[in-house]
Each structure stands twice: as structure tokens, then as C-alpha cells.
Amino acid sequence: MYRLSPQKDYPFLSGGGEMGILTREKDWAETSVGNPSGWPQSLRTTLSILLNSRFPMFLWWGKDLIQFYNDAYRPSLGLQGKHPQALGQKGADCWPEIWPVIKPLIDQVLQTGEATWSEDQLIPIYRNGTIEDVYWTFSYSPVIDEENTINGVLVVCNETTDKVKAAKKMTEDSQQLEFTIDAAELGTWDLNPATNRFVGNDRLKQWFGLQPADNIDLKDALDAIIPEDVERVTDAISNALRPSSGGNFDIEYSITRPGTSQVRTVLAKGKALFNEDGNPYKFSGIIQDVNERRNIELALRRSDEKFRNIVSQAPIGIIILQGKDFIVEMSNETYLQIVDRKKEDFVGKSLFYSMPEVEDKVGHILNNILLTGEPYYGIEFEVPLNRHGRQETTYFNFVYHPLKDPDNSISGVIVIATEVTGQVRAKHELLESEKQFRNLVTQSPVAMAIFRGKELVVELANETLLKDIWRRTLEEVQGRPLLEIFPELEGQEFPALMKEVIVSGIPYKAKEALAIVDGPGGMKNFYLDYEYAPLLDKEKTVSGIMVTVNDVTEKVEIRQQIKDAADRLLLATEGTQLATWDLNLITYEVIHSPRMAVIFGQDPSTRLTYASLRKIIHPGDRIAIVEPAFAKALETGTYFYEARILPHDGPMRWIRTSGKVVFDNNQNPVRMLGTVADITEQKISEEKSARLASIVRHSDDAIISKLLDGTITSWNDAAERIFGYKAEDIIGKSITLLIPPDKLHEEAEIVEQLRQGNLIDHFVTQRMTKDGRLLDISLTTSPVKNSEGHVIGASKIARDISRQKQHERIIAESNEQLNIVINASDLGTWEINLQTGEIAHSPRYLEIVGLDRNAAPTHEELLASIHPDDRAIRDEAFKTGLETGLMHYSSRLIWKDGSVHWVEATGKLFYDDKQQPLKFIGTLRDLTAQKQYQQMIEESESRLRIAALSSELGTWDYTPETDVMIWDNASRDLFGVPPEEMITTELFFSRIHPDDMPTALEKMKRALDPEIAENYDAEYRVIGLPGDKLRWIHAKGKAQFTEDKKPYRFSGTVLDITEKKLALEELERNEQRYRFLANSMPQFVWTGGPDGILNYFNNAVYEYTGLTPDEMSAGGWLSVIHPDDRQENIQKWTHSVNTGEAFLLEHRFRRNDGVYRWQLSRATAQKDEDGNINMWVGTSTDIDDIKKHEQQKNDFIKMANHELKTPVTTIKGYVQLLMKTHANSEDTLLTNSLATVDKQVTKLTNLVSDLLDVTKIERGSLPLNKESFVLNDLINDTIMDMGAASKSHRIIFEPTFDAPVNADRERISQVLLNLFTNAFKYSPKADEVLVKLEKSDNNRVIVSVSDYGIGIAEEDQGKIFERFYRVSGKDEKTFPGFGIGLFIVNEIISLHEGKLWVKSEKDKGSTFYFSLPIQSK
Amino acid sequence: MTNKQIIDVLVIDDDPDLCLLMESLLKFAKHDVQRMTNPVFLEEKLLQVTPRVILMDMLLSGSDGREICTALKANEPTKDIPVMMISAHPDAEISCRNAGADEFLGKPFDMDIFLDRVGALVEQRKKDL
């Protein structure tokens, strides 16, 4: 290529760097300017300047606007863009993207010859491979040639993109500053040190009560500062303005709120800037309101003080335990008194170090609280306590409540304890006594019952009567008239006799009266000894009778109990969703269906009490709704309410309760019956629609609904506000009223979309107001369908976006000020670009989140540092921020070191030109200190609450001097005093039951008397509660005295003890009732302790013996026993006490006239669940008459025995003699007759001797003549004898070993004979009897005799060893014999220390077993 | 030596039927037997006869067999005569033996046992003398 030599050929093209070379090398012949040799001088001159200029220059030349540019211009064309082809290119070819913008400018210059000028003009060009936004400041100037024509346009330009971008950034920074100041609620100021005048923002002016002037004198501001702080502030300002201070200003002071006497505490921070001469030229900064923090600190201090005060004065014991060693951090005086410990030995030490005796009982409970964080409530908790020099068993009501650290870990336990040892002991004693008498009455073998009134209503019947005679359960008879239960008694003598006793008050006694009682299993005859004793009430009138019955018939079979019909009733109500309940208004007992428990969030089997039900009800509703409804019900008879309940671990639910009150004859309410339904679903849907309606009403958007023909049917407040029409004016009119004439077509399109069921979303259009203004609105229209799904109309939401469109950005203040503010305030700042995901943080931000000031965390890392539990809070706030443009939340952060910190973040959303969210800019504040304070306050408050909540304790505080009484809410609740009512002493005294007043007053006096100063501890009833409800209160308190012995404070607690009290009263009533019954019984009844010492005798005993209770308890009991019986009595009683076996003895008691009478005494041990004996209940029945009859009978038998034997012997002898002498006679009649007579005589003989044996057994005088022999031999002998006597059965004996015994051979033989005879007798169809010998583990021989006969029914097996019992055959035909054989056998075996038993199956056969001790060699 | 009649058994029972029965049984067994129903005359009787064995009911109308037995055993001429006592009271054996009875049998008795026991006593007495 030809190379020009600029120096030689074209000096005007010399120089010019890269562009110079390119220009020179360019083949210009191809362009319309042609070879440089032909270029006009004007071009040459211009190029010469252009190529050598350091300013970016560009030239269009000629009709084609051929281009030239220099090195300075070249970078503006970018790397991969128009360079170098732009050189020599036609303008139109080079700049197609901006030609429409610049061609007119070029043309203007060419035509007018006037230069044009633009500054920071955005001209995006293609470079660097893309279209870039490029800003230019440029001038277009004409180049005039020799002919005075304008032949070119010279562009001198400067790319200002970087400058413009920097300016933009500055604008944003200003926005950020503004926002930061706003978010941090800061005041700002900028003081001119030269004039002492400053500029402040609105907030600052408002705080200081300054006029909204631009330029304020510093003196005016100082006026707002409270006098005591002024000097400090002025000093700090002077100091900051001295260069030596570095210009720093940081001071906290208080200002008076304008127009009030209230004080605001502020923190001012700032910095002064100095010029080179060391003079301050600028002093600016911020002011921060730190009142809140101050208030919190103050509140904390007060709360803590309050807690400590209450704790130290509370009449309940409170300690705080810290750590797993349960170090006593704090203990109040009461606690120290209770446990009898000295503060210095107790506080600061482990609880179990000071009180090792309690570790066993409470150690695991305390440990468990540290583990689970669950509080523990101990009621009447038994604990051993070493105090006052000995170990005591004490009882406490207490709460162990976990104490939590801010990070929710459990650091310790707060213990709130009230000692109830006295009450518990009293209750135990009463309980024991009640139990004793109840056992005595119900377990007494004497059948008894109590009847009330002329109707003979059964009030009570004991076990023996119910089981043996009535064959009814207590439920079946209690509360019902006798004749209703036993209609068959109508016509029998008993009802009339009983009524007679009630009328006359004279007791009635009868013996062996026949009673025919119907019952399960049919009519039954009973022979009864009974007594009717009148029961007198307090007024000494007969209110009922006590019946005692001695059943003298044989025992009655125990019948199956009748099924409870109540179950079926229950099933019927369970079918419905309603729960049913029945409340006793006297005792407040509740009976309810299982469904009720389900509604109240419990397992269906749970039995809820009145108190527990009330507790589940929402506390607010309980006071506001339920209790008034209850009180109303007691007046009107109808109970109805809807209220919320808070089931133990479920969500809140709504219930509807309705009920009816049942009144007694005196119109006093006695019962309430009703139903409960769960109406939560219903309530939720009601609330939802109410909420929706409220949203519509309060919406900022116009919400309008219309029919398809455009008729408006609804119009909300916002619609009125936006469009100016009132609802009443526009409803019924057409929607087209709102549409500007040129947009009427839109309506038809909208309707068409709606018909198709489509939603029209954010349709931006214009609408017209009533006064004809046009509004920019965004319209969302959704179809409204009828129940068939047809579109019948539409609802429109119209949002006024005019203001949004008019929004302008505000540019403010300098970069420097931003820095000062951000440094001065403690805020971190952050920014997140929503389109690119870029983030930026200030160093302070990074410090707050626990990072180095220079760290560069990713967004994910920052998000991960949010406490997992709070992540949702942040996400929700972010979402809200995107919707509303503002973001605000506080959450916890977990630093890398694991520590937890609280932060508060605020953010504002910025939009791009297209109104799309661009970025969030925001601030971050460290709230940790503040939160910690709050946490501490909450903790302190919660301790108080815990203290108050423990057993629903109310607190009160009385100042005697001013007569001011303060009650907390719990106290007000307990006394039924509404929160607004003043508490006065008059009010308080008016609420105490008059009967309890004297004691309560006396105790108060004693507490307030400085000489006595005893702890106040009183129980009284509260009156004037809704529904005249009875409430018992246990009040405790303590007075404090000044040094001159004046009470200045009297404070304490009140506790609802109604339930306990009622239970105790009930217990006491029962105890009295049972005690009365026991005393009224004509039989002797007595009880003994587990040690066997008798501790109670009923009146009958005293009457009989004539001894006084004192004589009796002093061992008189033994003295009334006949001396001959004492030894045996003591021995048998000792045996029973040691073994728990029942006591049974016949012995003689001395009557008050000195006569001894026989008594049968029985006693059984009452055992607890573990089988330990609690007490002995005994009775003694006079059997003297029976005994005498028995004696007569025995004497008779003995006599008969003897007298019979002589004739029998004679007959037997002659028969045998005759049999011998006629042994060979052929007279068969004679021989057979003799054999028969002989057999019958033998039988007769046996019967007679059996009878005698029975008599002996009964007297306990069956003698044994023991000798040693081998049992096998005796069995063999007996079998031989049996074989000789009877040929009907064969006895098979299978001896397995030889059994040596020491026994009465005759008697054992008698046993065997009896068993064999029975086996033969009861197996008429079989012909074999099997005898076996076995050896048992405890060295006994067991003989079994098995037959294959009729067997014994299971229910009879227990009775066959009784006297005169006989097994029946199938056809009720009885088998011969007296049936005394087995009775004798049993006795004989018992006397040999053996055992007799039977195994049998009906119709299969029986096996009788007896065991005897094997004689050891 | 008087020439008193020697008999095998003297039966004393206040029940005449039983008394007769026992005589019949003993006679059936070929014994020399005499009987008396009233023990008042026993002393007189023993002057006439010397029984090898005396058989006596324990309870006799008007007197106690045991007392008679004791008296017999205390009297030199009669002290060696074996006495067998009979009673309807089975537990009386001990008191009878305490009173000096050599043998005891409860009522009602079996013929063979009765004869065996009496027979044994008679044979023994025969040998002794």
C-alpha cells in the first residue's frame, strides 16, 4: 500500500497518534472526499487541529458526512464497536441507532451555521458488544470552507457517563440518608460554627419545640434542655469545636417536651470539621430519642424492687434455686422460718447441703424440672424436715417453676411453698376417724340400715344387709322409699311397725320374724332378729329410724348384680353431639356425659369437676360472660351463654351452654341440668364474614360491585372518597357514570370478559370523579357468580394511582453528612438489589451481625445467621415489604460464637422507571441490650405471676395509716369485686360472713398489735358473690412495724379453699353420721389399731359393762372377760394381730350386775391396697341363750347316746347269737331277717356315735389317741372291712410308697370309712372307687378317694364340710344319711394338722383328698 | 378252804335283758355263768361262788361299777379276780382301768369280740390258779 509521508505530502495529517496513522493509511480515494491531495484547506486545517487535540473531537465532512475523529475520542467508541471502521464512514452508516437524534442537530448546524450545545445528554451507543447508556456533554460547531459554505460539523465532546453515574449514586445515598434518619427516628442538625446558627430537620424542631424556620439560633435550642443539663451540653459543644478534641461530640441529656412537663432523654452525636487553620467550618450530627431505653431500665429496676419487696414480705415461703446443684440464690424470711434455717447457713449453698433430709423426696422432681422445663405443683406434699431439733413429717402446698434464661435454657427453679402441716394432720385424723367408723358400720357383720321420714326412704344400708338380705346394691335402694323397693312388704308387718317407731319414738325389737323379700332370684324367706331404733335430730324429733338385723336363716347366695340402667341412658345421649351435665348447686358436684370431657379437650373417661371446668373457660369470658350468666340462671331458672374455652393443649374453642335450674319447694335452686355444644366452627365462619365486611369497609381501595348491565349494587367508603359519590347517590345507577366518554368502549370489553368468567387484573385506565376530574386508576374486576355458577355481576377494586405517578424523587444533602449521620447513629445500613441479587452493607451492619468490618458475607450466609425460630418472621416481613414498600421486623441472630443477639431491621423498597421493585435499602439496629432488659423485666414479672398463680393466690396490701387497701385481680376475683370498684375496708368487711367476722377481726387485731404481732392466718366465708355462691377463703398475712412500733404495712395473700373446706365438712358430716350409727347399734362394736390395742367401743359396750370410757381405755376391757377365758382370749387376739387372720372367739363378759354372759366375738382386719392392716373392726354378739340351748342339746345327745346303746347292744347280741345258732338253718326267712336286722343295728350304732362326735367337736373335746403306724396298712384293713360290708363297689388301692404317720388309728379309719361310704353312696351307677397315695412337697401324705358318681356342683363344694349339708341328686331325691360325716371327717383331719378338700365336676365324679404329716423317723 | 362253787363268769348288769343276753352268749360258748342285776348282793354272792372272771357294767342303778371294782381289788380274797367292765360311754375305758378293771369293752359290742375277750380272761385265770 502507498504510504503517505505527512511531512512531505500532507503536513496537515502529521502527528495525531493512532488516529493520525489510521487517517494517513486510509485509502481516501474510495470515499466521497477523495484523495487528501484534493481536500480543501478548511478540511485540512480542521483535521490538523482535530488530530492533535487532547479533547475528544469528531468531524462530519461533506454531503455524505464522512467521519474523522481523534485519539481522545476513540475510547468512546469502545472495544468492540464502531472503531476503526467509523473513520471515513458515512455518518448515517455509522450511527443508525442514534441518527434520528443527531441528524436533526447536524442539519440544524449545517443550515443555520449556529453551534449547538448539550450537557450530560444520554445517548446510548453500540460499543463493547452491546448498546450502552452513554452520557455526553458536547457541542456541534460548523466548519466553514473557503467558499463560505458550511461543509462540515465538528463535534467537540466529553463523555460524562462516569460523572452522571456518580451523581446518581449520590442521589441514592441521599435517599438512604433520608431513610436512615427516618428509620432511626433521628433528629439532624448542622451547625455553622461561625454564626452559631444551625439547620435542623422537622423531627428535631418538634422535639425542641422550635419554629419551622430554616436557620435557628443555638440559644433557642438550649432553652429546651432541662436546666441541670444546659451547662454540660454547652461545654460539650465548645469542646467539640476545639481541634484537640478531634471534633467528636457525644452526650446524653434531657429536654422538656413542648407544652408539657414531661422529659425526653436524648443522645446527641456529631462531628466538627476543621479547615487548615484549625478553625471549625462545619459541625453536624444527629439526636436520638433514648427515652424508651431509659424507661425500660427504670421499669426493670422497679420491677425488680417490687419483686424483691413482695418476696421478702410474702407470708409464703419463696426461694430461688440456681443451677444443677440447686444453689439457694435467694430465700425470703418466711421460708427460713418454715425450715428453721439461718440465712447465712442457707443462702449461697446447695439446697441439699443445707436440707439433706428432703433430697429423697424432691431431688428427682427438681432435676426433672431442669430437664423438661415443666412446672411441678405439689399439693399437701409430704416431706420430712429436720427442724427445731427433731425430724418432723411436714406437708406443703408448693410450686416448682422453672426459671429460664433469655436463650430459653433452664437455669434454675423458683420454689413457692406454703406449709399446710396443721391442716393436713387435722384432715388425716378426721379422715382416719371417718374411715374407722365407716368401716365399722359398712363392714359390720350386723346388717343395718337407716330410713328417713314416713315414706321410709333408705338413706344408708350396710354391706351385710344389702348382700345377704336385700340382694340390692346401695345405688338401687338409696333415696328410695322402702315399699317402692320391696313392694312385697306391703301387707307384711314391717312397714307398719317402722312407721309406728317414727311416730312414737319408742324402739321396737323382734326375734325370728319371718320376712319375705323379693329380689333377684325370686322371693325368699328370711328369719330375722331385728331392732328398730328411732333417730333423733338436733331438735330431738324423730327424723328416721335405724334398723339392725341379724339374719338367722342360712346364708343367702350372692346374686348377680343388676346392670346399671344408667349406662343405657348414657348411650342414648351420646348419640347426639350434645354433651349433657348435671350440677348439684349445693355441693357443686358435676355429673356429665363423656362427650363433655371431649369438648373440654379431655379424654372421654375423664371426670371433670366444677372447678376444673371453670378453669378451662377463657378467663376473660368467665368473668364477663359465664359468671353473670350463672348468676342470672339462679334468678331466672334459665342458663345460657356462648364463651370461649382454652383446652389444656388444644386451640381455643367456642362452646354454647344452656341449662335449666331445678328449684326445691322453697324456691331455692338445688340442681342445674343442661347441655354443652361445641360451636367453634360456627363462630369461625361468623367471624370470617365479619372480617371480610370490615376489610371491604376500611379498604383504601374503592370496592364496587355491579350487575352485568352495569347497575351498581355496592359502594364502599373508599369509593366515596375517590370518586366523590355517596353510596346512596350512586347505588342503582350505572357504572358508566364513572367512565370518561372516550373510554366507554372499555365497559363492553370488560363485560364480555366477565361473561366468560375471566378476571381482569390491574387494568390501568382512567375514570372520572363526580366533579369531572380524571383519575389514573388500576382496576381489578372479578366476576360474581350465583349458586348455579352463572356470572351475574362483578366486583371491582379500583386503586387511585395518580399520586404514585406524580411521585418525584428528592435530592438532598451531601455525602459527607450521610457519613456523619451513619457513624453517629448506631445503625448499620444495607442494600439489596432485587433484580441482580447484589448486596451491600455498612461496616457497622457487619459489626451488628457479628462479623468483621471488612467481611463480605453472601446473602445466604446472612440469612443463615437468623435464629431458626425467627426466620419466618423475616420472610414474612420481606414479603410484606414487597407488597407495601416498607419492611420492618425484629428477630434474633446467632453469631458465629453462638451468642444470641436481637436486631431490628427496617427497609424501604425503591422502584425502577418501570415501577418494578428494584431494591431494598434499609437499616439495622442492635436491640440486644434493650431486649435483655425486657427479658429481665418479663422474668421478674413472671416470677411474681408464678408466685401469685401458685394455687390461685390473691395478694393484698393494706396501709393502716391511710386506710388504703390494694388488691390484685386474683383477690378481686375471689371476693367478686369488679376491677373498677374501689377497695375500702368497709367493702372488705361487708364481704366477710358475719359468723366468721369476730374471729377474723380478732386475728387481724393480733397481727396489727405490735406487742403480739403474730402472723395473720384466718379462714372465713365470703358473701355477696354472684348466685350467693359460697366461697371459703384462707387469708394469710403479716404486719410490718416502724421503729416506734406502729404498723405501717399489712400485706399478705388470700386463697380459695372452698373445695377443700366443703370436702372437709362433708367428711366431718360423714364421720359424725357413722360415729352416731356405730354408737346406736345394739350389738357390741369395737375397733382396734394395727397394734391390736382397742381404741373404740360403742355405747352398747358401756351400757352392758357399766364401765366408763376412761376405765375401758385403761385396760378395763380385759377385766370384763371371764377369768377362765382371758388366757385364750389374749392368745387368740395376739395371733390375729400378728397374722392378720380373722379373730373368732366365744367368751364370757361380765355384765354390770356381775352376771357373765357368753358372747361370740368376731373381728376382721381392714387392710389397705398393700395389704397392711389399718385397723380392726370387731363385734360381739350375745350368744348366752344359744349357748345354754346348745348345752342342753349336747347333754341330751350324750344321755340319748348312752341310753340307746344298751338296747342296741342287746339287740345286736341276740341277733348275732341267733345267727350263730342258726347258721346252718335252711330257714332263709330267718337267716335273711337276722342279717338285715344286724346291718340296720350297725348303722344305727354308727349314727349314734357320729352324733356324739359332733357334740364333742362343737365342744372342742374330740380326743385323739395317737400312735405310730403305716397308713398303707390301715387303708388296706379298711378296704377289707368295706369289702366285707358291701359288694356293690370294688376299691382299687395303688400304693406308691409307705407312709408312716402318728395318728389316731380309729379316727383315721373312721375318715376312710366315711369317704368310702360316700363314694359308694354317691356313685350308684359306678362300681369302682380309686384310692391313691401321694407325697407332697412339704412332707405330707395325700390320700385321694375318687369316685365316678354324680359329682358336686361348684357352688356347693364350699359347703359340703358344713354340718347337716347333703348333696342332692338330679331329681332332687335326697340320699340317706344325716350328712354329718364330712363335717366329722374335716374335724378329724384338722385335729391331725391335715387338710381335707375336694375336686369335683357335676356328673363326672368327685375326688376327696386329705393330707397328714408324715412321721419323721 | 371253803368248798365254794367255782364258776367261769359272774355277769353284773342292772339291765336284765342285757344281763340275760350276756349269760346266753357265754353259755353258748360253754362257760359256767351266773348273773345278777343288783350289785347290792354282790358281797353275799361272792360268799357262795368264786367266779374266774367278773363282768360288770360301768353304770349300775344306784351304784358305780368303778367303785365296786376298786373295792373288789382292795379286798384280799377278791383282788385277783379279773374284772372286765362294759360301758356305753366309749371314753370311759381310762377311768375304768384306773379303777382297777383288767379289761374294757364298749357298747355295742360284737359277739365274737365279746366272747374272745371274756374267754381269754377265763383261760388266763384257769392257768394262774
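The side chain of A:Arg1307 makes a polar contact with the side chain of A:Gln1310 at 2.7 Å, where a polar contact is a pair of N or O atoms within 3.5 Å, one of which, within protein, must be able to donate a hydrogen and the other to accept it, and where residues adjacent in sequence count only if both atoms are side-chain atoms. This is a predicted model, in which local features need pLDDT of at least 70 and side-chain atom pairs count only at pLDDT 80 or more, whereas totals for chains, interfaces and linings use all residues. Residues are numbered from 1 along each chain as its sequence is written, chains are lettered from A and ligands numbered from 1 in the order in which they are written, and side-chain values use heavy atoms, with hydrogens and water left out.

A:Arg1307 belongs to helix 43 of chain A, which covers residues 1305–1321; helices (H or I, at least four residues) and strands (E, at least two) are DSSP runs numbered from the N terminus. With a relative accessible area of 11%, A:Arg1307 is buried, the classes being buried under 20% relative accessible area, exposed over 50% and partly exposed in between (1.4 Å probe, protein chains only). Beyond its neighbours within four places in sequence, A:Arg1307 is in contact with A:Asp1253, A:Lys1256, A:Leu1262, A:Pro1263, A:Leu1264, A:Ile1388 and A:His1392, contact meaning heavy atoms within 4.5 Å.

Chain A as a whole contains 44 helices and 55 strands, and 45% of its 1417 residues count as buried. Of the contacts in chain A between residues at least 6 apart in sequence, 51% join residues at least 24 apart. The exposed area of chain A is about 74,200 Å², with carbon and sulfur atoms supplying 51% of it, as computed by the Shrake-Rupley method with a 1.4 Å probe, only the protein chains shown counting as cover for residues.

A:Leu738 sits in the loop between helix 25 (727–730) and helix 26 (744–755) of chain A and counts as buried at 3% relative accessibility. Outside the neighbours within four places in sequence, the contacts of A:Leu738 are A:Ile704, A:Trp715, A:Phe723, A:Tyr725, A:Ile730, A:Arg767 and A:Met768. A:Leu738 and A:Gly772, which are 34 residues apart in sequence, have their C-alpha atoms 9.1 Å apart in space.

Some backbone angles in the two chains are listed here.

| Site | Feature | Angle |
|---|---|---|
| A:His83 to A:Pro84 | cis peptide bond | omega about 5° |
| B:Lys107 to B:Pro108 | cis peptide bond | omega near -10° |
| A:Leu65 | positive phi, not a glycine | about 50° |
| A:Glu1393 | positive phi, not a glycine | about 55° |
| A:Arg471 | positive phi, just after helix 15 of chain A | about 55° |

A:Pro84 lies in the loop between strand 2 (66–69) and helix 3 (91–94) of chain A, while B:Pro108 is placed in the loop between strand 7 (103–106) and helix 5 of chain B. A:Leu65, in the loop between strand 1 (57–61) and strand 2 of chain A, is buried at 6% relative accessibility, whereas A:Glu1393, in the loop between helix 44 (1381–1391) and strand 54 (1395–1401) of chain A, is exposed at 58%. In helix 15 (residues 463–470) of chain A, the buried residues include A:Thr464, A:Leu465, A:Leu466, A:Ile469 and A:Trp470.

The contact between the chains takes 19 residues from chain B and 17 residues from chain A. About 1,700 Å² is buried between chain B and chain A, and carbon and sulfur atoms give 67% of this area; buried area is the accessible area (1.4 Å probe) that two parts lose on being put together, summed over both. In chain B, the residues that lose the most area to chain A are B:Leu21, B:Pro108 and B:Met111, together 30% of what that side buries.

Between chain B and chain A the count is 1 salt bridge, a term for a side-chain nitrogen of Lys or Arg within 4 Å of a carboxyl oxygen of Asp or Glu; the side chains of B:Asp112 and A:Lys1220 meet in a salt bridge at 2.5 Å, N to O. Across this interface there are 4 residue pairs in polar contact, both residues at pLDDT 80 or more. On the side of chain B that touches chain A, helix 1 (16–28) and helix 5 (111–128) of chain B each supply at least two residues, and the largest share, 7 residues, comes from helix 1 of chain B.
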